[in-house]
Amino acid sequence: MTGTNGTRPSIFPTLLYADAKAAIRQLTEVFGFTESSVYEGEDGLVMHAELVQGNGAVMLGSKGRGGLFDAAMKEAGTTGVYVVVDDVDAHHRRAVEHGAEILMPPTDQDYGSRDYMARDLEGNLWSFGTYAPEIRV
């Protein structure tokens, strides 16, 4: 489930990685994200990257790149991100084939979703499932 439907997401989970290039490789190759943009500094650190999945996106960068956000995130721990996918079992198979650390295999939930959970190379939790609530404002 890649690409966008022409809408702009209003929320972007933003993560910093000690090895942002490895994170980008894992998120694209293992979890099926599409690289939208990657900006590197002269030192090779990822200053800013955007990866797309469905009609949403995640932003990420390298730890230690400087700036207010980097300083504020210095003591931050891991995070969890939920991503809606059409075919949980196929997505899970891809992740397993690429050696992802699976914390929970595809599971049918009481609330109607089917999802699984994995950990990325730096400990962040990624849940992939069919739960896609309608947002009403």
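This briefing walks through the salt bridges, pockets and surface patch of the structure above.

What you're looking at is a predicted model, where local features need pLDDT of at least 70, side-chain atom pairs count only at pLDDT 80 or more, and totals for chains, interfaces and linings use all residues. Residues are numbered from 1 along each chain as its sequence is written, and side-chain values use heavy atoms, with hydrogens and water left out.

**Salt bridges**

- The count comes to four salt bridges, a salt bridge being a side-chain nitrogen of Lys or Arg within 4 Å of a carboxyl oxygen of Asp or Glu.
- One of them joins the side chains of E40 and K21, at 3.4 Å from N to O. E40 sits in strand β2 (residues 34-40) and K21 in helix α1 (residues 20-30), so this pair ties together parts that are 19 residues apart in sequence. Helices (H or I, at least four residues) and strands (E, at least two) are DSSP runs, numbered from the N terminus.
- E40 is partly exposed, with a relative accessible area of 46%, and K21 is partly exposed too, at 36%. For these words, buried means under 20% relative accessible area, exposed over 50%, and partly exposed in between (1.4 Å probe, protein chains only).
- R119 pairs up with E101, their closest N and O atoms being 3.4 Å apart. Here R119 belongs to strand β7 (residues 114-119) and E101 to strand β6 (residues 101-108), so the bridge ties together parts that are 18 residues apart in sequence.
- R119 is partly exposed at 29% relative accessible area, and E101 is partly exposed at 39%.
- D108 bridges to R114, with the closest N and O atoms 3.0 Å apart. D108 is exposed, at 57% relative accessible area, while R114 counts as partly exposed at 24%.
- Add D89 to that last pair and you have a network: D89, D108 and R114 are linked by salt bridges.

**Pockets**

- First, the rule: on a 1 Å grid over the protein atoms alone, a pocket is an open set of points where a 1.4 Å probe fits, with protein on both sides within 12 Å along at least five of seven lines, and lining residues have an atom within 4 Å of a point.
- The largest pocket has a volume of about 700 Å³, a volume being the space filled by probe spheres set on the points, which are joined across faces, edges and corners.
- Its lining has 23 residues, of which I11, N55, G56, Y82 and V84 lie nearest the centre of the largest pocket.
- Two elements, β4 (56-62) and β5 (80-84), give two or more residues to that lining, and β5 gives the most, with four residues.
- By class, the lining of the largest pocket has 16 nonpolar, six polar and one charged residues. Ala, Val, Leu, Ile, Met, Phe, Trp, Tyr, Cys and Pro count as nonpolar, Asp, Glu, Lys and Arg as charged, and the others, Gly among them, as polar.
- The second largest pocket holds about 170 Å³ of space. Among the residues lining the second largest pocket are T14, L15, K63, M73 and E122.
- That second lining has four nonpolar, five polar and two charged residues.

**Surface patch**

- Y82, Y111 and Y131 form a nonpolar patch on the surface, with about 330 Å² of accessible area together. Such a patch is made of residues with over 30% relative accessible area and no salt bridge, with nonpolar side chains (Val, Leu, Ile, Met, Phe, Trp, Tyr) joined within 5 Å and like charges within 9 Å. Accessible areas come from the Shrake-Rupley method with a 1.4 Å probe, and for residues only the protein chains shown count as cover.
- Y82 is found in strand β5 and is partly exposed, with a relative accessible area of 36%.
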